[in-house]
Amino acid sequence: MDIIDLRILDILDIVFVALLLYYVYKLVRGTAAVNIFIGIVVIYLAFLLTQLLQMELLSSVLGEFIGVGVFALIVVFQQEIRKFLLMIGSTNFTQKGRFFKSFKFSRDDFDSKTNVDAIVNACEAMGKTYTGALMVIQKSSKLDFVKNTGDKMKIELNQPIIESIFFKNSPLHDGAMIIEENKITATRVILPVSNDRSIPLRFGLRHRAAVGITEKTDALALVVSEETGQTSYIKDGQFIMFETLDELKEKIKEDVN
């Protein structure tokens, strides 16, 4: 009986470690932090190898480096750790099957409810008329702390609605729009502005606000520039490059899922 219990615990141990690594990978995927993460893994594997080969001097050096490096990791991965804790503490983490949706085996198993085509098509149309826009797509992190700064809504998401909200003479055009699944849940929202000095000067407050909200949460942001008409896609505080709008749609659908 003890052997059976031990094997069950071993299986659970492996599953929990796999879950932890999976969510760590989701947080650092597509960011510069993924290279740092790989470097840490390489150093740790080298430490285990030196212990196995009984290379005491090199093993002790790597051991000290790993021990001190824990504090450095907290600084380097500050944003990722924050997002990880927000994801665990978020009430949406287990609601509506989101937890199980993250382990889908094919793209068609759990299609996103968000009308991504309507969002991107609206961005294209607004770009042609140089209409500025800022849209935030909520994922697992709740955005109540910014929604409270604007006007709460509950409108079905579609292209005409998006364009009418950001129309220059509309009273709702100023500020950000919050999208949850396929609903517009807030407009005229004030977002935290990023202080990142690496953001090019050609980007204005809309872009800095998009970077700011994606730095603090796992939300996605789309910005249509009022000056150039170009659409920018921001995730994890980074500008995501794309060549065509169809490619942008695929990237958003993948990230939303």
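The following paragraphs describe the nonpolar cores of a predicted model and three individual residues within it.

The largest nonpolar core comprises 24 residues, and those with the most contacts inside it are Ile119, Met126, Met135, Ile162, Phe166, Met177 and Ile252. At least two residues of this core are supplied by each of α6 (116–128), β1 (133–137), α8 (159–165), β3 (176–180), β5 (220–224) and α10 (245–256). Helix α6 provides the largest share, six residues. Isoleucine 252 illustrates how such a residue is surrounded: leaving aside neighbours within four places in sequence, Ile252 is in contact with Val116, Val120, Ile137, Leu220, Leu222 and Tyr233. Another core, of 19 residues, lies apart from the largest one and has Val146, Ala176, Ile199 and Ala219 among its members.

Threonine 231 belongs to strand β6, which spans residues 231–235. Because its relative accessibility is 15%, under the 20% limit, threonine 231 counts as buried. When residues up to four places away in sequence are not counted, threonine 231 touches Cys123, Leu222, Val223, Val224, Phe242 and Leu248.

Two loop residues deserve attention for their backbone angles. Most residues other than glycine have a negative phi. Glutamine 54, in the loop between α2 (33–52) and α3 (56–76), instead has a positive phi, near 60°. With a relative accessibility of 67%, glutamine 54 counts as exposed. Tyrosine 130 is not a glycine either, yet its phi is positive, at about 55°. This tyrosine lies in the loop between α6 and β1, and at 41% relative accessibility tyrosine 130 counts as partly exposed.

Key. Residues are numbered from 1 along each chain as its sequence is written. This is a predicted model: local features need pLDDT of at least 70, side-chain atom pairs count only at pLDDT 80 or more; totals for chains, interfaces and linings use all residues. Side-chain values use heavy atoms; hydrogens and water are left out. A nonpolar core is a set of buried Ala, Val, Leu, Ile, Met, Phe, Trp, Tyr and Cys residues joined through side-chain atoms within 4.5 Å. Buried means under 20% relative accessible area, exposed over 50%, partly exposed in between (1.4 Å probe, protein chains only). Helices (H or I, at least four residues) and strands (E, at least two) are DSSP runs, numbered from the N terminus. Contact means heavy atoms within 4.5 Å.
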